[in-house]
Amino acid sequence: MPQYHDGSRADTLRQLASRLRQLQAGRGTTAHRTGREIISSGMPDLDRLLPDGGFRRGTLVEWLADGPGTGVERLLLQVVPPALQEGGVCLVIDPRQEFSPALAAAMNIDLQRTLLVRPGRAEDAVWAAEQSLRCPGVAVTIAWSELLDRSAENRILRRLQLAAETGGGLGVLLRPASLQGQPSWADIRLLVRPVPPGARGAPPAAPVHSLHKETDVAPEGVRHWMELDILHCRGGLGSRAAFLEIDDETGAVHLVSELADSTSSPRATGA
Amino acid sequence: MSLAEADAMLEYADREHPPVWGARPAETVRGETRRGERFPCDPEADRQVLRELAWSGFEFTPVVAIEETDTPECLLLDIAGCPHLFGGEAAMCRRVQQAFQNQGLHCRIAVADTIGAAWALAHYGRFEIVCSSGPLARALAPLPVESLRLPPDVLKKLARLDLQRVGQLLKLPRAVLPSRFGKQLLVRLDQALGQRPEPVTPLVCPEPVEVERVFAEPIRKRDWIETVLEELIVRLTEQLQQRQLVAMQFTFRFVAPRQPSILRLETDADESKHRRPPAMIDLQLVAPTDSASYLQELFALQWERFHLPGEIDQIVLRAGQLSSRKTRQRALFDRNDDGNDAKLVALLDRLRGRLGRQSVVRARLTSEWLPEEQVRYEEFLHGLPTVTAGAFPPEWTARADGSLPPRLYRRPFPLDVVTCDDRPVRLRWGRETFFVHDCEGPQRIETGWWVRRLIRRDYYRVATRDGRRLWVFRQRPRDAWFLHGEG
């Protein structure tokens, strides 16, 4: 175990970090990139946490959500308006027909350029996702329902990742949180957990928020919080977690506090 | 139409249909930007579009022509001998009108004995559909002189003499007209009244393009059929290319052999059982094509999951929805990268080919109240749907982000709910139990009894104790609870 003095230890860490970032960023350059390489996630606060300052075109982003009602959809849809800025369409693979176009319109997503694909079977859904990712005219492909909910589908994820590299669009997958221990080919894995009101570690309640008062029956759902873990991120170091505050009125997402390295399971990646 | 006229019409349209929910500044800004765009006039493009529209006229009559002027704006259909097929002239006109409406076009139609009279009645008649009967002179008399397709200088002269109606012209002695107003006036007048012929050049009606292969003996082997199909596709596309045509619909018909009479059972009296109905593969494309390789790729997607019911002895391949090769598909999506649009169309064709036409849709918002009815889904075939984000009911637009769940279930799930003071405190959904920390509502949504059966729901946005957000409603007056969305 090498011993470091206080000063040189920080330097060495910084050097190692930059070296690691170079190594990770250099992996798998795509051939068919057009326009800007990086798309904003639509949430400036999240962009700041990501090493590239957003999502890279031609890659997969995996959102893991823990059960119903987490509101992860509200976060993952934020990427669509910036992604469509340079043309192309958004293709949503929605086998269960649960995508809500009304909310999408309210989030400034151009419905004319949003295609909904409703495959009847799981293999059709995977096929459609792969075809869509392979097409350069599709700026962002969203696998809306839990398309790949079995762990044995790592091979399929690899196919999707290669398709995204070929097409140069962004692939957004929504998968159950139970798969966070499984390897994945996604460049960025994000885990979303609902934050119980008044939980330990939750942001301090401002006086205007009355969520901690059990007796209050007046409408108070003005804003709510989520915990976001960046489980894995190419070019990033370790996992990070943050509390996000979602304004129900405007749909805006703010970073409340950034936590230290998350306590979630260690990063698992197939790459 | 002059620019000033167009501007005036736009202004009028804005006044008639102001932005509906214009309370928010964002909405009014959007409303202003929608106020029409200006493009340079392109007569050749107009003529081309009119020529393409003329193809749909062949559905009604074999003789279709385009008005012969420098700036044509009319289609001429010679319907002699055809109306009885459609239930009379009026019914036929309505069918024609419907056919154009399906393409998003509004048209005026007139039926008359001469081209001139039909033109006049279509432009200046009192109704959108005019079927004139009786003497032409009487039908034309009340129309303005502009209805005679006269050059502007003649119209000016007529105006100077206060000759406004065709009836006034008819009263004048014929001999005077050419010397005072030029020959053209008399020619047009005679053409309208049927006293002088008016030649038209009809377009050539496209015959259906079809290729077939009849086998000496019934076959069943898929490999063989596949080889024959590839050959048929090549033959069909060659025919299309020779005739400068492209098609949007391709139908493959697999005809089953007729059962020999010696094998028929006596009891089997039903004639239709002796020949199975032909199995079909129908390819409906997003954009017209005449490319063999493209068709073969799309066909392969369908063929791999196509079940051939038995032996066949004939394959017919037919191309439908033909158009001239110069037809360009309107851009499906504006602002798309040039080369990518074609790839996107190919993707859509593949998706529709394998998943079915109804599986690839675009959403369009409507101003219904029930959340599940706020969206209509449309295929791409009928041009571009217009999307108006401002078409929400006002209460929903006001706080659309907060009040609409990102995930709306197709069918609401029944819930077991414990309430206190009419508000939910505990929800049970299957095996899961959620304790309500806070709930927002009720927001009552009620349908009009005059529309259909009354639906009355009280919606609540529920925040559970573990931080989840659910969207539940209470069905009134039955008092049953349902989970309708989440997030």
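Which handedness, left or right, does the crossing of α11(B) and α12(B) have? Load the model, which is a predicted one, and start there.

**Stop 1: two helices of chain B.** Select residues 222-242 of chain B for α11(B) and residues 292-303 of chain B for α12(B). Their axes come within 10 Å and cross at roughly 145°. The crossing is right-handed. To see the contact itself, show side chains on both helices. From α11(B), pick E226(B), L229(B), E230(B), I233(B), V234(B) and T237(B); from α12(B), pick A292(B), L295(B), Q296(B), F299(B) and W303(B). Coloured by class, the residues of this contact divide into seven nonpolar, two polar and two charged.

**Stop 2: the contact between the chains.** Next, display both chains together. Chain A puts 51 residues into the contact, and chain B also puts in 51 residues. On the side of chain A that touches chain B, select α3 (72-76), α5 (101-106), β5 (114-117) and α6 (122-134) of chain A, the elements that give two or more residues. The most, five residues, come from α5(A). By class, this side of chain A holds 24 nonpolar, 17 polar and ten charged residues.

**Stop 3: a strand pair across the chains.** Keep β5(A) selected and add strand β9 of chain B, residues 360-365. The two strands pair in the antiparallel sense, over three bridges. For one position to centre on, take L116(A), whose bridge partner in β9(B) is V361(B).

**Stop 4: the nonpolar cores.** Now select W63(A), C90(A), V92(A), I93(A), V117(A) and V172(A), the residues with the most contacts inside the largest nonpolar core, which has 106 residues. Helix α13 of chain B, residues 338-355, supplies the largest share of this core, seven residues. Another core, of 34 residues, lies apart from it; A110(B), V111(B), L121(B) and F181(B) are among its members. Then return to V92(A) and show what surrounds this residue. Leaving out residues up to four places away in sequence, V92(A) touches F99(A), T114(A), L115(A), L116(A), V117(A), I142(A) and W144(A). L116(A) is the residue already picked at the strand pair, with V361(B) as its bridge partner.

**Stop 5: a loop residue.** Finish on F58(B), in the loop between α3 (43-55) and β1 (63-66) of chain B. Why does F58(B) count as partly exposed? F58(B) has 16 C-beta neighbours inside 10 Å, whereas a buried residue needs 20 or more and an exposed one has 12 or fewer. Add L203(B) to the selection: F58(B) and L203(B) are 145 residues apart in sequence, yet 9.4 Å apart in space, C-alpha to C-alpha.

Terms used
Residues numbered from 1 in each chain as written. Chains lettered and ligands numbered in written order. Predicted model: local features only at pLDDT ≥ 70, side-chain atom pairs only at ≥ 80, totals over all residues. Core = buried A, V, L, I, M, F, W, Y, C linked by C-beta atoms within 7 Å. Helix = DSSP H or I, 4+ residues; strand = E, 2+ residues; numbered from the N terminus. Contact = placed C-beta atoms within 7 Å. Nonpolar A, V, L, I, M, F, W, Y, C, P; charged D, E, K, R; others polar. Pairing = 2+ DSSP bridges. Axes fitted to C-alpha atoms, helices over the stretch in contact; angles between N-to-C directions. Left-handed = near helix turned anticlockwise from the far one by under 90°.
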